[in-house]
Amino acid sequence: MPVLFFDPGQMTARLDLETPQEVPDGQGGATSGWTLTASLWARIEPLSTMLSEEASAETGRITHRIWLRLRSDVSAGQRLRKGGRIFRVKLVQDPDETERYLVCQCEEDAR
């Protein structure tokens, strides 16, 4: 696999990496929440949009490719936040297997 050229100066978006956390509610159940894991620089690339109808309301989803510096604590099921925007991490990969960058395939709900 050829080495990928990527300009790290394109990482201009400041994102918060959040991890799901369940807190016991004292009645045998749990309350789900999110814990801030790290703040990091990233590059966000919109990929596609999809409109659908749910409960007689039109909704949309936007997919993104988000580039990060390599971290061992990023995995599917986490999310990235930029202000009020939330990107759900679906897939994480090292694009050229050189352990320099991660590419996260993410979904964002359109409002």
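How far apart are the mean positions of the positive and negative charges of the protein? Select both sets to follow along. There are 14 positive and 17 negative charges, and their mean positions lie 5 Å apart. Keep in mind that this is a predicted model.

**Whole chain**

Show the cartoon next. The protein has six strands and zero helices. Along the sequence the pattern reads β-β-β-β-β-β. Align the view to the principal axes: the C-alpha atoms fill a box of roughly 50 × 35 × 25 Å.

Now turn on the surface. About 7200 Å² is exposed, and 50% of that comes from carbon and sulfur atoms. Of the 111 residues, 26% count as buried. Switch to contacts. Among those with a separation of 6 or more, 52% are between residues 24 or more positions apart.

**Gln-78**

Select Gln-78. It sits in the loop between strand S3 (57–69) and strand S4 (79–82). Is Gln-78 buried or exposed? Gln-78 counts as buried because its relative accessibility is 6%, under the 20% cut-off.

Show its side chain as sticks. Two polar contacts are worth labelling:

- To the side chain of Thr-19, at 3.0 Å.
- To the backbone oxygen of Asp-73, at 3.2 Å.

**Around Gln-78**

Extend the selection to what Gln-78 touches, skipping neighbours within four places in sequence. Leu-17, Glu-18, Thr-19 and Pro-20 are among its contacts. Trp-34 and Asp-73 are on the list too. Phe-87, Arg-88 and Val-89 also belong to it. Thr-19 therefore appears twice on this stop: as a contact of Gln-78, and as its side-chain polar partner, with Gln-78 itself buried at 6%.

Technical notes
Residues numbered from 1 in each chain as written. Predicted model: local features only at pLDDT ≥ 70, side-chain atom pairs only at ≥ 80, totals over all residues. Heavy atoms only, no water. Helix = DSSP H or I, 4+ residues; strand = E, 2+ residues; numbered from the N terminus. Buried < 20%, exposed > 50% of the residue type's maximum accessible area, 1.4 Å probe, protein only. Contact = heavy atoms within 4.5 Å. Areas by Shrake-Rupley, 256 points an atom, 1.4 Å probe, with all protein chains shown as cover. Lys, Arg positive; Asp, Glu negative; His and termini not counted. Charge placed at Lys NZ, Arg CZ, Asp CG, Glu CD. Polar contact = N/O pair within 3.5 Å; in protein donor to acceptor, adjacent residues only side chain to side chain.
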